[in-house]
Amino acid sequence: MKAIGISDIGKCRKNNEDAYYLADETSPLRTLYIVADGVGGSNAGEVASNGAIASFLEYVKTHKDVQEVTDLMAGGFQAANRLVFEQSKTSEALAEMGTTMVAAIIQKGKVYIAHVGDSRAYLMQKEILSQLTTDHSYVMELVKKGEITREQAASHPERNSIIRAVGIEEHVETDLSVFPVEKGDLLLLCTDGLSDSLTEEELAQMLREKKSIRKKAKQLVETANLRGGYDNITLVLVEI
């Protein structure tokens, strides 16, 4: 397993409210990857995204004997939600902060995905790119109702309005899913700073190129910045 993470402030923001995590050989789970995108005034988004990841990791560390991976991930998200929600009540500067979060664990030929918000997971398998997550956003609700198309959603003025986030309410509903993976597949986790800047076909074209995952990841971030860099840009790219 090879993995790289990049978090870039972009061209327009004063601070980076995104965060990511790559497991290493000292981690309780060596194939755990997380991306989060904080929301809130001042530096509250940064506090939320980093705090959520730290709380998730602490939960995994103390509950690593949980047999079902999906139960472990669900518990980790609830722990993260509880921490951010409680922190948000400690000061006016942190009030109403929250974060999107997408996490992946790869085990025994499967990738387990948990997510809240509009940070995404994609899988490139046999050169075909598939989005594994469904955004918890206002425009995706319109798509589900048939009021707009996915193409219209990509340029909709409310496309960044999320309807679910970690830490906004006392409890959070986490989406959990499992997909088969094979050697050579690419897993991409990213914030909307990337997915809003490139089309799915552009993502696929760059991931298909015969380059190292490090060069692919850098190219994705550079392209998002060339498109304006209107938001923080964060990704984790894993070669299975």
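Start by selecting helix α1, residues 44-62: this helix lies across β2, β3 (32-39) and β4, and runs at about 155 degrees to β3. Keep in mind as you click around that this is a predicted model.

Now pick α2. Helix α2 also packs on the sheet, where it touches β4, β5 and β8, and its direction makes about 160 degrees with that of β4.

Next, hide the helices and look at the strands underneath. You should have an open sheet of five strands, in the order β2-β3-β4-β5-β8, with antiparallel pairing. Strands β2 (18-22) and β8 (175-180) stand at the edges; each has a single partner strand, so one side of each is left without a neighbour in the sheet. If you compare axes, neighbouring strands here are turned by 10 degrees against each other on average, ignoring direction.

Zoom in on one edge by selecting β5 (residues 110-116) together with β8. The two pair in the antiparallel sense over six bridges. For a specific bridge, go to Lys-110: its partner in β8 is Pro-180.

Last, two stops in the loops, both for backbone angles. Select Glu-96, in the loop between α2 (69-88) and β4 (98-107). Glu-96 isn't a glycine, yet its phi is positive, about 65 degrees. Is Glu-96 buried or exposed? Glu-96 is exposed, with a relative accessible area of 70%.

Then jump to Glu-127, in the loop between β6 (120-125) and β7 (128-131). Here too phi is positive in a residue other than glycine, near 65 degrees. Glu-127 counts as partly exposed, at 42% relative accessibility.

Definitions and conventions
Residues numbered from 1 in each chain as written. Predicted model: local features only at pLDDT ≥ 70, side-chain atom pairs only at ≥ 80, totals over all residues. Heavy atoms only, no water. Helix = DSSP H or I, 4+ residues; strand = E, 2+ residues; numbered from the N terminus. Buried < 20%, exposed > 50% of the residue type's maximum accessible area, 1.4 Å probe, protein only. Pairing = 2+ DSSP bridges. Axes fitted to C-alpha atoms, helices over the stretch in contact; angles between N-to-C directions. Contact = heavy atoms within 4.5 Å.
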